[in-house]
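Visitor: I'm new to this structure and would love a close look at one part of it. Could you pick a single piece and walk me through it?

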Amino acid sequence: MANVMQFDLVSPERSLASFEATAVQIPGAEGDLTAMPGHSPMLTSLRPGVVRVQTADGEKDYVVTRGFAEISTDSISVIAEHAHKGEEITKADLEDVIADARKAAQEAPEEHKVGAEKFVSDLEHLAENMV
């Protein structure tokens, strides 16, 4: 088993990362998880949060809203609705995303209200915890 895995992060706007990693922490919709080389294959949806990638050169952080992560034994691909390098994003950058999410939650049909409100809550929590 190799000590590294391929990590790729893309959003509709651009490809943000493609390099080897030793571990990737993911804000999964069902809870946080860490993928390492040899991980069992799985697909998980993302909630707003920080994807932390361990590399031979140190840690790299990426802020994501929602999307999916596909994990295999030797790679992880993260497809995010919105994604930014951790050092590039500020709380102000999330204000428009939060405002759009609040509006969508207010207008959501009753059967989707809980999920839409949870998304707003996750975004607000992410913004509150940004340094």
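Guide: Happy to; here is a tour of helix α2, starting from the chain around it. Please keep in mind that this is a predicted model.

The protein chain has two helices and 10 strands, and along the sequence they follow the pattern β-β-β-β-β-β-β-β-β-β-α-α. Its C-alpha trace spans about 50 × 30 × 25 Å along the principal axes. The radius of gyration is 15 Å, which agrees with the value near 14 Å for a compact globule of 131 residues.

Now to α2 itself, which covers residues 113–128. How far apart should the ends of its 16 residues be? At 1.5 Å a residue, counting one less than the number of residues, the expected span is 22 Å, and the end C-alpha atoms are indeed 22 Å apart, so the two agree.

Turn next to the residues of α2 that are buried: Lys113, Ala116, Phe119, Val120, Asp122, Leu123, Leu126 and Ala127. These buried residues pack against two strands, β6 (49–55) and β7 (58–64), and against the helix α1 (91–107).

The helix also helps to line the largest pocket: α2, β3 (23–28), β6 and β7 each supply at least two residues of the lining. Leu126, one of the buried residues of α2, is among the lining residues nearest the pocket's centre, together with Gly49, Val50, Arg52 and Asn129. In total, 21 residues line this pocket, with nine nonpolar, six polar and six charged. The space inside comes to about 480 Å³.

Notes
Residues numbered from 1 in each chain as written. Predicted model: local features only at pLDDT ≥ 70, side-chain atom pairs only at ≥ 80, totals over all residues. Heavy atoms only, no water. Helix = DSSP H or I, 4+ residues; strand = E, 2+ residues; numbered from the N terminus. Buried < 20%, exposed > 50% of the residue type's maximum accessible area, 1.4 Å probe, protein only. Contact = heavy atoms within 4.5 Å. 1 Å grid on protein atoms, 1.4 Å probe; cavity = no way out; pocket = protein on both sides within 12 Å on 5 of 7 lines; lining within 4 Å. Points joined across faces, edges and corners; volume = space filled by probe spheres on them. Nonpolar A, V, L, I, M, F, W, Y, C, P; charged D, E, K, R; others polar. Rg over C-alpha atoms; globule rule 2.2 N^0.38 Å.
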